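Me: Please take a close look at a single part of this structure and explain it to a first-year student. Then say what lies elsewhere, in plain words.

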Amino acid sequence: MKPVCVFGVVGLAAVLGAASPVPAEARKAAAFPAGKYVLGGEKEAAKGDDVMDLKKTFRLKANQYVLSGGPSPTDKIVVDDDLAVLQGGAELFVDDDTVRSTETRPGFPVKYQGYPVVLVLDPAKKVQLRATDHYATEAILGPVWVHRWDGARKKLTAGKTQDSAPTLPDVFFDESFDLATGFEMPGGISHDAETDLPAKPASLLPRFRPGN
């Protein structure tokens with residue numbers, strides 16, 4: 001007697017459907033934790049010191065993302081020395097202080113201290129990370145994660161650490177990453193945010209306010 005398949009076409013479709021991604025229109029906006037963030041979204045690229053201490057939990061809009069150094073949106077990014085974020089050839093964030101983000105020694109003024117970066121991105125286009133080493137002896141880019149408006153997250157890279165090249169400056173990391181797939185939804189996401197970020201998050205910064 002031949003074995004009988006207990007799943008018909010309808011049953012199989014139901015099983016596959018259960019694993020399908022949640023449609024965007026059915027998702028809820030996540031509450032992102034308060035803290036210090038670099039804010040982008042203006043025509044001019046965000047700089048390392050475009051930092052605002054957001055005192056309240058907040059929601060992102062569908063085209064806004066947080067780049068951080070780990071699975072939490074508040075994890076700092078480690079880079080030795082500079083980091084740039086681009087999309088479609090346009091610079092969206094530029095850290096050009098030629099100092100590592102973890103620098104604490106007097107006499108080495110650091111502008112970018114590794115705070116997570118809020119950017120306006122096109123999910124249909126890849127995002128490019130470019131790291132540059134300026135001074136020996138190491139070139140370091142730590143892990144970089146991207147966090148979507150609904151709380152889903154994706155590890156873009158585990159980073160890279162190597163000895164400094166003989167000739168400096170040296171672009172030691174230059175890779176592009178897809179934003180359309182590969183996100184995971186962690187458990188325990190809060191949706192009870194106290195405020196919403198504006199369409200251009202950087203408009204909250206003093207240098208972008210009217211009259212400045």
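Reply: The second largest pocket is lined by D80, D81, T98, V99, R100, E103, R105, F108, Y135, A136, T137 and E138. A pocket here is an open set of points on a 1 Å grid over the protein atoms alone, where a 1.4 Å probe fits and protein lies on both sides within 12 Å along at least five of seven lines; lining residues have an atom within 4 Å of a point. Six of these lining residues are charged, four are nonpolar and two are polar. The model is predicted, so local features need pLDDT of at least 70 and side-chain atom pairs pLDDT 80 or more, while totals for chains, interfaces and linings use all residues. Residues are numbered from 1 along each chain as its sequence is written, and side-chain values use heavy atoms, without hydrogens and water.

Next comes strand β7, which covers residues 82-87. Strands are DSSP runs of E with at least two residues, numbered from the N terminus. Six of the six residues of β7 are buried (under 20% relative accessible area, 1.4 Å probe, protein chains only), so the strand is largely enclosed by the rest of the structure. Its side chains go two ways: D82, A84 and L86 point to one side, and L83, V85 and Q87 to the other.

β7 has two partners to describe. With strand β8 (residues 90-94) it pairs in the antiparallel sense over four bridges; strands count as paired if DSSP finds at least two bridges between them. In this pairing L86 stands opposite E91 of β8. The two strands form a hairpin with two residues between them, and G88 in the turn has a positive phi of about 60°. With strand β10 (residues 127-133), β7 is again antiparallel, over five bridges. There, D82 has T132 as its bridge partner.

These strands belong to an open sheet of five, in the order β2-β8-β7-β10-β15, with mixed pairing. The edges are β2 (46-47) and β15 (170-177); each has a single partner strand, so one side of each is left without a neighbour in the sheet.

Strand β1 (residues 35-39) is another enclosed strand: four of its five residues are buried, so the rest of the structure largely encloses it. Four bridges join β1 to strand β3 (residues 51-54) in an antiparallel arrangement, and K36 is bridged to D53. Two bridges join β1 to strand β9 (residues 117-120), and these run parallel; here V38 has V117 as bridge partner.

Last is a loop residue, D150, between β12 (144-147) and β13 (153-157). At 1% relative accessibility, D150 counts as buried. Its side chain makes a polar contact (N or O atoms within 3.5 Å, one able to donate a hydrogen and the other to accept it; sequence neighbours count only if both atoms are side-chain atoms) with the side chain of R27, at 3.3 Å. The D150 side chain also reaches the backbone nitrogen of A152 at 3.2 Å.

Conventions:
Buried means under 20% relative accessible area, exposed over 50%, partly exposed in between (1.4 Å probe, protein chains only). Ala, Val, Leu, Ile, Met, Phe, Trp, Tyr, Cys and Pro count as nonpolar, Asp, Glu, Lys and Arg as charged, and the others, Gly among them, as polar.
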